[in-house]
Every structure is written in structure tokens, then in C-alpha cells.
Amino acid sequence: MDEFSYAQPNRVRIADLELNLRIDFSTKQISGTAAYDLDWIDQAATELVLDTRDLTINKVEAEVADGTWTPLQFALAPADKILGSKLTIQTPERPAKLRVTYTTSPQASGLQWLEASMTGGKRQPFMFSQSQQIHARSWVPLQDTPQVRFTHSAQVRAPADVMVLMSADNDPKKLRDGDYRFKMPQKIPSYLLAIAAGDLVFQPISARSGVWAEPGMAKKAAEEFADTERMIVTAEQLYGPYRWDRYDILVLPPSFPYGGMENPRLTFATPTVVVGDKSLVSLIAHELAHSWSGNLVTFATPKDGWLNEGFTSYVEGRLIEALYGAERAAQETVLGRNELAQEFQRIDPKLQVLSLKPGAVADPDGASSSTVYVKGAWFLQFLEQRFGRDHFDAFLRGYFDHYAFQSIPTTEFLRYTKANLLDKFPGKAIEKELEQWVYEPGIPDNAPQVRSRALTEVDTARAAWLDSGRLPSPRQTRRWNTQQWVHFIEGLPKTLKLEQLNRLDNAYKFTGTDNSEIAQRWYPLTVRSNYRQARPAIAEFLQRVGRRKLIMPVYEALVDSRDGLAFAKDIFAVAQPGYHPITTGSVQALIAQAQPAQKAQ
Ligand SMILES: [Zn+2]
């Protein structure tokens, strides 16, 4: 059962989706038809139930024997706040082919529309989708559950000078003419359905890989991501062939709410990782890894998020280790685990289990990322340590082959692991240990630990400064990478004296930094310490970037501070038109929560 979908995949399944859409930037709407090939499993079924959110349904038709279309009765239920509106179509004849004619809302939760002025080049408007977790239903009526996989094709019309891309076969040489066709022969679940349109050009990285981006960003991004081909080759050596043909990266405007989204054949990525020194390319390793974990073997419901994200974070670490060395991989692992320790101090224990109980989260966007990403990966690192890398690598490769193009729940993973790891190599780990990782909160005491030499050096330098007031020398810090700077700031006390903040700023220019990972940690510290000269730079940062992970800590610090709530509200009012609906929702909820709390004080 997928509690986040109205679909009934045990009765009928979409086997193929054929879209015929028109993108209208002036009304911020997509309209057209979605046609489905249906596999009827229950021969007594009389209806087809689809997920929708804020869609206007114009008509529903079934194809009849002579190739003509006949209208069907349908009913659109009142909207549920999280799930949207159930669309029930009367199908007493169980047609093999059916189509829905519809229009999206300008507020569709899965689409973001940007005016030309909000893009880098400011020449053309931009539109992109973010379907995970359950936002595909806001731009296509479908069975919005990962338990259903389908092939798809599309014809999309847009203004002639706008390029359109999809999670499908994007020809690097295709020309802009306003009429685009796509085909995707591999079956994907709905949350991987993706579309983007804008002033996009292509810059190759290798024969099968490249970057799509606005003209001002394409070359820079291709240089930053130059190691992508090596990452693909490394992943193939570990886990078998890349099965999706091309691997391209679409670099979006800074309002993209996430770091990346693993849309098949076309990773969507934030421009905030293009920092000039490849220090944040683990994002690409991560999204590429999803080509095995997530896109190939998929969680059965968002409650099993760790099957996608924990596996992917584990594989990401292996790719970083292979390309940049064990020390760099250790740095990223330590930083992730530090964040987890912080998050576990404040979140409900019921969110700290890998396999969430039904009803644990009302909205699948609200799961704990430390749990699904970091604890999930840590569990696999535990298994690797117990069984040895050779056995574990072979096991994982077998797992990806065995469940390729299927969606599974955590219980299936446990069953497979028992048969192919525990029983095959007895005495290394027991079932109870696996169950503790999966079903209990926190981290087991015997979890393997990691240390990083470079981060220990930072600890020593930070302690020396706090102790004696002597800042680490430029000769030392010149070699520090993003991870070390992040660690330096994260280890500082919750507040500092103004004079201390001033000295740090004078030495390292944190305020106004181009590096969002540093900004994300530095600005909350300045807010907590009431270091007001950072405020203009904070305002600029919150207006320029819309990636949720980077800006939420700053908003959180602001609404917690004495006079920060008013400042946060003012900035949000200006920044909001450039934010994605997902980011907007998070900031709005935070501000709404903060208001009564401040009144009560
Ligand atoms: Zn991921």
C-alpha cells in the first residue's frame, strides 16, 4: 500500500504514457493530453483512479475498436491538502487505451515558472518540473506511486526560441523550433518524469555526457563537472553497465529547491555547486549513482526513502573515494554524520527509523534527510565492514541486477540480504542487527566510525584560535577545501563576540562569500551573535538562492533571534517570487510557526 497515492495498481497499471503538451509562459500553464496504454489486472474492475493536483480536467476518452475516441464519465473529488484530487474514471469496458485532456494551474506544486528577469541571461523565461515526491500529479494526471513504471513519449510545443528537454532522449544537436519530440524506452516511475524549458545550450563533457545550461553557465559547469565520464566508468566497474544511454546534466537557475534531482538521462542540478574547484561535485556522483539505486531499483513507497537515498549516498561515497581518494570521502562522511548527530538531537525518534511506519509523516516531503541519506548509507557501510568489500560489492551488483526496473519495499531488501549475504557468509552479522538499523531510532553502538586527517587539522586550528586568539595562518588555510571551511565554522561555539566575528571576516571574507555551503553555516552564526553588518549580505543571499537546504538554516536562525523575524518576513516578501513552491511552502510554515511563539514570549 502506498498511502500517498489514490491509484489502485493491483487492478490496473499504466504501461505507457504519451503526452501531447503545449507550454504557455504567458499564463504559466501546460495544457494538452495524456494518453495511456493500460494493463488491466483485475478483469472485474470498472474504474480507473488517477492522482491529480490542481488540474482542470476537460475531458476523458477511450479509444474504441475503429481508432476513434468516445467520451467517458469521470469525477474529480475535492482536494486533499497533501494528496490532491482523486480522479475517478468510469471504465466498464476496460479500454486498452484512454486519454485525458487537461490544463495545469499556474500554482502547480511540481512546476516553477520564472520570468526572463529571474534567469541568469535574462533573455527568455524558464520553466522546470520537480516531481519527487508526489508532485508529478500537478502537471500530469497519472498513477503517482513508484509501484507503477511506464515507458513514455511526448510531443511538446513551446515558443520557437525556447529549448525544451525531458527525462528522455535529448539530442545534443537538436535545434530550437518550438516543436519537440521525446521517447523514453526504459520504464520509469512517475516521480522521475521531468520537463524543462528555457534558453538552454549544450556543452559536451564526453561522447555520452554533457551539460545543458543557460549560455552564461554552460562552459563553466562543463569544466566543473569534467570528471563525470570517469564517474560513470567507475560506477560501471562496480555495479554493472549504465543502462540509460546518455547521462546529461541540466544546470538550473539558483531557485531550484534541491541540490539535484536524478531525472533519468538528465540530472537536474543546482548552480550553487559550480564553485570553480570541483569541491562540491559529490552532488554529481550522487545523482549519477541514482542511475543504479533509485532509478533502476526503486523504493515501493516514499516511506522506504532510504532504499533510494541511503544506497545512493553509499555509492556516492565509493565514487568520491575512487576518484579523489579515501581522505576526501572520509571528510564528506564525517560532515554528514556530524549533521546527523545534530538533527537526531531535535527530531522525533519515530523519524529516525529507516523504514517509516504508516502515518509517520503526513507529507512525504517531510522525512528526515539525515535518516534516509546518512543513516541509510551508514547501514550499508556497516554491512561492507562486516562482510568485506569484495563480497559486499558483488552482493550489491547482484542486487541491482536482480531488481532492475522494479520497485521494492524494505522487507524485500531484508529478505534478499538474508539469503544472499547473511546465510551465504555465516557468522558475520545477525538478522537482529539488520533489524535494529532498519526499525529502531538512533545509530547502533557498534556502527563503524570514520576519521579524517584534514578535519582533525581543522579542529586543532580552531581550538588554538579559541584558546589563544591566534588564527590559522594563510599558508595553512590556503590549502583548505570547502569541506574544511565548513567544518571550521560548524565547530565554532553557538555564538561569538562581535570582535571575533570581525577578525574572522577580515581574515577569510566569509560575509559575502560565493560559496553557498560556507554561507549556509556562517550567516546563522552571525544572526545568533547579532553581528548586524552581515545583514545586507544575508539579504542578497536569500534573494539569489532558492535551494532549500542552503537557505532554511538562515531563516531558522533569523526567526529565532530577537529582531530577526521581521527581517526574515521582509526578505521573504521580496525573494518569494523567485522561490520554488516547495521552498516557499517551507519558509511560510517556518514563519507561521515562529509568530505565535514570539507572541507568547
Ligand atoms: Zn538522492
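Is H290 buried or exposed? I looked that up before anything else, and H290 is buried, with a relative accessible area of 0%. Buried here means under 20% relative accessible area, exposed means over 50%, and partly exposed is what falls in between, with a 1.4 Å probe and protein chains only.

**Ground rules**

I am working with a predicted model, in which local features need pLDDT of at least 70 and side-chain atom pairs count only at pLDDT 80 or more, while totals for chains, interfaces and linings use all residues. I count residues from 1 along each chain as its sequence is written, and side-chain values use heavy atoms, with hydrogens and water left out.

**Entry: the zinc ion**

I went from H290 to the metal. The zinc ion is coordinated by H286 (NE2), H290 (NE2) and E309 (OE), at 2.0 to 2.1 Å. Donors are N, O and S atoms within 2.8 Å of the metal (3.2 Å for Na, K and Ca), and water is not among the atoms, so sites may look incomplete. Along the chain I read the donor spacing as H-x3-H-x18-E. H290 sits in the loop between α3 (282–289) and β20 (297–299), and E309 in helix α4 (residues 305–324), so the pair ties together parts that are 19 residues apart in sequence. Helices (H or I, at least four residues) and strands (E, at least two) are DSSP runs, numbered from the N terminus. I checked E309 too: it is buried, with a relative accessible area of 7%.

**Entry: the five-stranded sheet**

Next I traced an open sheet of five strands, in the order β15-β16-β17-β19-β18, with mixed pairing. β15 and β18 (260–261) stand at the edges with a single partner strand each, so one side of each has no neighbour in the sheet. Two strands pair if DSSP finds at least two bridges between them.

I then followed β17 and its partners. Strand β16 (residues 209–213) runs parallel to β17, and four bridges join them. Across that pairing, W212 stands opposite L250 in β17. β17 also pairs with strand β19 (residues 266–269) in the parallel sense, again over four bridges. There I found D248 opposite L266, and V251 has A269 as its bridge partner in β19.

Two helices pack on this sheet. Helix α2 (residues 228–239) touches β15, β16 and β17, and its direction makes about 135 degrees with that of β17. α3 touches β17, β18 and β19, and its direction makes about 130 degrees with that of β17. Contact means heavy atoms within 4.5 Å. Axes are lines fitted to C-alpha atoms, for helices over the stretch in contact, and angles run from 0 to 180 degrees between N-to-C directions.

How many residues of strand β17 are buried? I find five of the five residues of β17 (residues 247–251) buried, so the strand is largely enclosed by the rest of the structure. Y247, I249 and V251 point one way, D248 and L250 the other way, and all are buried.

**Entry: two helices crossing**

I looked at helix α6 (residues 369–387) and helix α7 (residues 389–402), whose axes come within 6 Å and cross at roughly 130 degrees. That makes α6 oblique to α7. Under 35 degrees counts as roughly parallel, over 145 as roughly antiparallel, 65 to 115 as roughly perpendicular, and the rest as oblique. L380, L383, E384 and F387 of α6 make the contact with R389, H391 and F392 of α7.

**Entry: salt bridges**

A salt bridge is a side-chain nitrogen of Lys or Arg within 4 Å of a carboxyl oxygen of Asp or Glu. By this rule I have 37 salt bridges. D199 forms one with R176, the closest N and O atoms being 3.0 Å apart. This pair links distant parts of the chain, 23 residues apart: D199 is in the loop between β14 (195–198) and β15 (201–206), and R176 in the loop between β12 (163–166) and β13 (179–189). D199 is buried at 3% relative accessible area, whereas R176 is partly exposed at 30%.

K219 and E223 also meet in a salt bridge (3.5 Å, N to O). Both lie in helix α1 (residues 218–224), four residues apart, about one turn of the helix. K219 is exposed at 53%, and E223 is partly exposed at 48%.

My last note is a network of salt bridges linking R318, E321, E384, R389 and D393.
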